[in-house]
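Please examine the sequence and the three-dimensional model shown below. The explanation that follows leads through the model one region at a time.

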Amino acid sequence: ALRSADPGVSRAKALRLASAGFDTVFVATAWAPGLVAPTPDEATVLANVDTAAAAAGLRIVLRVSHADPASTPLTDGARQEFARYVTAVLAAHPSVADVVVGDEPNTARTWQPQFNPDRTNASAPAYLLLLQSVYDAVEAATPAVRVWGGALAPRGADRPGAAREAQSPGAFLA
């Protein structure tokens, strides 16, 4: 709700949330291949969120995911870019104390591929590598920030080749 290029809009929404009794806001930002820091427009939005949340006494939980499933960070280079993006956001916004890595990596809607050609789990090992890269980078740069992983979709059919490939949380974690 706080994401806006207009600082007044962000502030008004933050104050409204605080007056309604909320003490935490969940804010998302998206990494794209090649980015090691937010674009200028995204940096403005995040700065507005940060300022508005601070003025209203709201805690920010930041989720960083990739822009689309075709850009899943599967290579070491892509994972390092993603981790650098996260640390750049945290460096610019030291009030953020929690960062969630990824969004539903157990669904093809947000993470591809879900399965290897031999029908084994492809996404969980790849997600673990991303989570490890981000954790290591954040721990080195801002050790007080909590890194959260496993923001999983609640359901999945565990059927490779299905029209909507998704893994159940249990299968993904196993």
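What covers the buried residues of α4? The model under discussion is a predicted one, and in it the cover of those residues includes α3 (76-92), β3 (98-101), β4 (146-148) and α5 (169-173). The residues of α4 that are buried are Ser123, Ala124, Ala126, Tyr127, Leu130, Ser133, Val134 and Val138. As background to such a pattern, an α-helix has 3.6 residues a turn, so residues three or four places apart point the same way. The length of the helix can be checked as well. Helix α4 comprises 19 residues (123-141), which at 1.5 Å a residue should span 27 Å; the C-alpha atoms at its ends are 27 Å apart, so expectation and model agree.

The discussion now turns to the strands. In a regular strand the side chains alternate between the two faces of the sheet. Strand β1 (residues 24-31) shows such an alternation: the side chains of Val25, Val27, Thr29 and Trp31 point to one face and are buried, whereas those of Thr24, Phe26, Ala28 and Ala30 point to the other face and are not buried. Strand β1 runs parallel to strand β2 (residues 59-66), and eight bridges join the two. Within this pairing, Leu62 of β2 is the residue opposite Val27. Between the two strands the chain passes through helix α2 (residues 40-56), and the resulting β-α-β crossover is right-handed.

Strand β2 also contains Ser65. Is this residue, Ser65, buried or exposed? Its relative accessible area is 9%, and because the cut-off for burial is under 20%, Ser65 counts as buried. Beyond its neighbours up to four places away in sequence, Ser65 touches Thr29, Ala30 and Trp31, together with Phe82, Gly102 and Asp103.

Val27 and Leu62 appear again in the lining of the largest cavity, along with Leu46, Val49, Ile60, Val89, His93 and Val96. The elements that contribute two or more residues to this lining are α2 and β2. The space in the largest cavity amounts to about 50 Å³, and a search of the whole structure finds one cavity of 30 Å³ or more. Rolling a probe the size of a water molecule over the atoms shows where empty space is left.

Towards the start of the chain, helix α1 (residues 7-19) holds Leu17. With neighbours within four places in sequence set aside, Leu17 is in contact with Ala1, Leu2, Phe22, Val25 and Leu58. Leu17 and Leu2 are separated by 15 residues in sequence, and their C-alpha atoms are 9.4 Å apart.

The loop between β3 and α4 deserves attention for its backbone. Pro113 is found in this loop, and a cis peptide bond, with omega of about -5°, joins Gln112 and Pro113. Asp118 is located in the loop between β3 and α4 and counts as exposed at 53% relative accessibility. Although their positions lie 42 residues apart in the numbering, counted as a separation in sequence, Asp118 and Pro160 are 9.3 Å apart from C-alpha to C-alpha. Arg119, also in the loop between β3 and α4, is not a glycine yet has a positive phi of about 75°; its relative accessible area of 54% makes Arg119 exposed.

A positive phi is found for Asp158 too, at about 60°, although Asp158 is not a glycine. Asp158 belongs to the loop between β4 and α5 and is partly exposed, with a relative accessible area of 33%.

Conventions
Residues numbered from 1 in each chain as written. Predicted model: local features only at pLDDT ≥ 70, side-chain atom pairs only at ≥ 80, totals over all residues. Heavy atoms only, no water. Helix = DSSP H or I, 4+ residues; strand = E, 2+ residues; numbered from the N terminus. Expected span 1.5 Å × (residues − 1). Buried < 20%, exposed > 50% of the residue type's maximum accessible area, 1.4 Å probe, protein only. Contact = heavy atoms within 4.5 Å. Pairing = 2+ DSSP bridges. Right-handed = clockwise from strand over helix to strand, strands pointing away. 1 Å grid on protein atoms, 1.4 Å probe; cavity = no way out; pocket = protein on both sides within 12 Å on 5 of 7 lines; lining within 4 Å. Points joined across faces, edges and corners; volume = space filled by probe spheres on them.
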